[in-house]
Amino acid sequence: MRELRPGLWHWTAPHPDWASTQPWREEVSSYAMDDGERLLLFDPLAPPDEILALAGERDTAVVLTAPWHERDTRRLVERHGLPVHTPLPETAEDLMQKYDITAEQAGDGSPDLAWLVKEGKGEARPYSPGDGEPAGILAFAGREPQDLVLWLEDYRAVISGDSLVDFGQGLEIPVQWLRKDVPREQVAESLRPLLERPVEHVLATHGGPTDRAALERALA
């Protein structure tokens with residue numbers, strides 16, 4: 001674990017569902033923001049002991065960039081009772097449109113976070129761009145309505161799940177993960193307002209910390 005600036009932490013851990021056929025690397029990144037009163041864990045996987053110790057002393061919550069970036073969220077909710085800020089999982093209609101499948105195939109919608117959102121085994125705090133965002137965070141729409149890119153103004157930091165990644169070629173919009181009806185330029189245009197802000201840190205959960213210049217190249 002390392003401190004990128006006072007109160008902004010980064011660590012990596014091997015993802016338990018990784019396979020060699022996937023484009024992303026086995027080691028994935030998680031981040032934490034600690035302002036002395038509030039501790040936010042972003043897409044957390046295997047939080048270090050130092051972070052868990054802080055969780056007992058702060059107003060602590062999990063923040064997910066996408067519902068499928070659950071990682072260790074359930075364990076943290078069960079052990080520490082943390083609330084979870086998350087975009088809502090895809091509905092059956094979302095899945096029908098995304099994958100061109102039938103209502104029968106879509107069932108009750110995405111199973112992501114079903115234990116939290118549908119079964120109520122924890123406190124879900126849904127958020128979306130411009131509506132219900134966690135305090136101090138601004139959310140931008142990414143490659144999917146449920147895949148958001150976050151701006152932390154106090155830390156001059158951007159945090160991304162699957163909309164901006166580094167698979168070993170530098171920060172980029174992963175075109176292999178885009179829907180056929182979502183061109184890369186559409187995603188870039190949605191995220192370019194980030195460049196109007198004083199970005200210093202760009203924190204990819206697939207990849208790691210980089211800087212404003214990398215963001216400028218990724219959105220060019």
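Me: Why is glutamate 200 called partly exposed?

Reply: Its relative accessible area is 37%. Buried means under 20%, exposed means over 50%, and partly exposed is in between (1.4 Å probe, protein chains only). A value of 37% is in between, so glutamate 200 is partly exposed.

Me: What should I know about the model itself?

Reply: This is a predicted model: local features need pLDDT of at least 70, side-chain atom pairs count only at pLDDT 80 or more, and totals for chains, interfaces and linings use all residues. Residues are numbered from 1 along each chain as its sequence is written, and side-chain values use heavy atoms, with hydrogens and water left out.

Me: What makes the contact between arginine 5 and glutamate 200 a salt bridge?

Reply: Their side chains meet at 3.5 Å, N to O. A salt bridge needs a side-chain nitrogen of Lys or Arg within 4 Å of a carboxyl oxygen of Asp or Glu. At 3.5 Å the pair meets that limit, so the name fits. Arginine 5, at 25% relative accessibility, is partly exposed. The structure holds 17 salt bridges.

Me: Why can this salt bridge be said to tie together parts of the chain?

Reply: Arginine 5 sits in strand β1, while glutamate 200 is in the loop between α6 and β11, so the pair links parts that are 195 residues apart in sequence. The names come from DSSP runs numbered from the N terminus: helices are H or I with at least four residues, strands are E with at least two.

Me: How do you know whether aspartate 147 and arginine 143 are buried or exposed?

Reply: Aspartate 147 has a relative accessible area of 0% and arginine 143 has 10%. Both values pass the test for buried, so both residues get that label. Their side chains form a salt bridge at 3.0 Å, N to O. Shared partners join Glu90, Lys98, Arg143, Glu144, Asp147, Asp162 and Arg179 into one network. Within that network, glutamate 90 and lysine 98 meet at 2.9 Å, N to O, and both of these residues are buried.

Me: What makes β2 and β3 a pair?

Reply: Two strands pair if DSSP finds at least two bridges between them. Strand β2 (residues 8-14) and β3 have 7 bridges and run antiparallel, so they pass. Here tryptophan 11 stands opposite serine 30 in β3. On to β4: β3 and β4 pair in the antiparallel sense over 4 bridges, with alanine 32 opposite leucine 41 in β4. β3 and β4 form a hairpin with 3 residues between them, and glycine 36 in the turn has a positive phi of about 95°.

Me: Why is β3 described as mostly covered?

Reply: In strand β3 (residues 27-34), 7 of the 8 residues are buried.

Me: What are the edge strands of the sheet of 7 strands?

Reply: The order is β1-β2-β3-β4-β5-β6-β7, in an open sheet with mixed pairing. β1 (2-5) and β7 (124-126) are the edges, as each pairs on one side only. One parallel pair is β5 (residues 59-63) with β6 (residues 84-86), joined by 2 bridges. Valine 63 has histidine 85 in β6 as its bridge partner.

Me: How do you know where the buried residues of helix α2 point?

Reply: They are Thr73, Leu76 and Val77. Seen down the axis of α2, they fall within an arc of 100°, so they line one face of the helix. The arc is that of the directions from the helix axis to the C-beta atoms. On the other side, Glu78 and Arg79 are exposed. Just after α2, glycine 81 takes a positive phi of about 65°.

Me: What makes a set of residues a nonpolar core?

Reply: They must be buried Ala, Val, Leu, Ile, Met, Phe, Trp, Tyr or Cys residues joined through side-chain atoms within 4.5 Å. The largest such core has 20 residues, and Val158, Leu164, Leu171, Leu191, Leu194 and Leu215 touch the most other members. Giving two or more residues to this core are β9 (147-152), α6 (184-191), β11 (201-204) and α7 (212-218). Apart from it lies another core of 18 residues, including Leu4 and Leu203.
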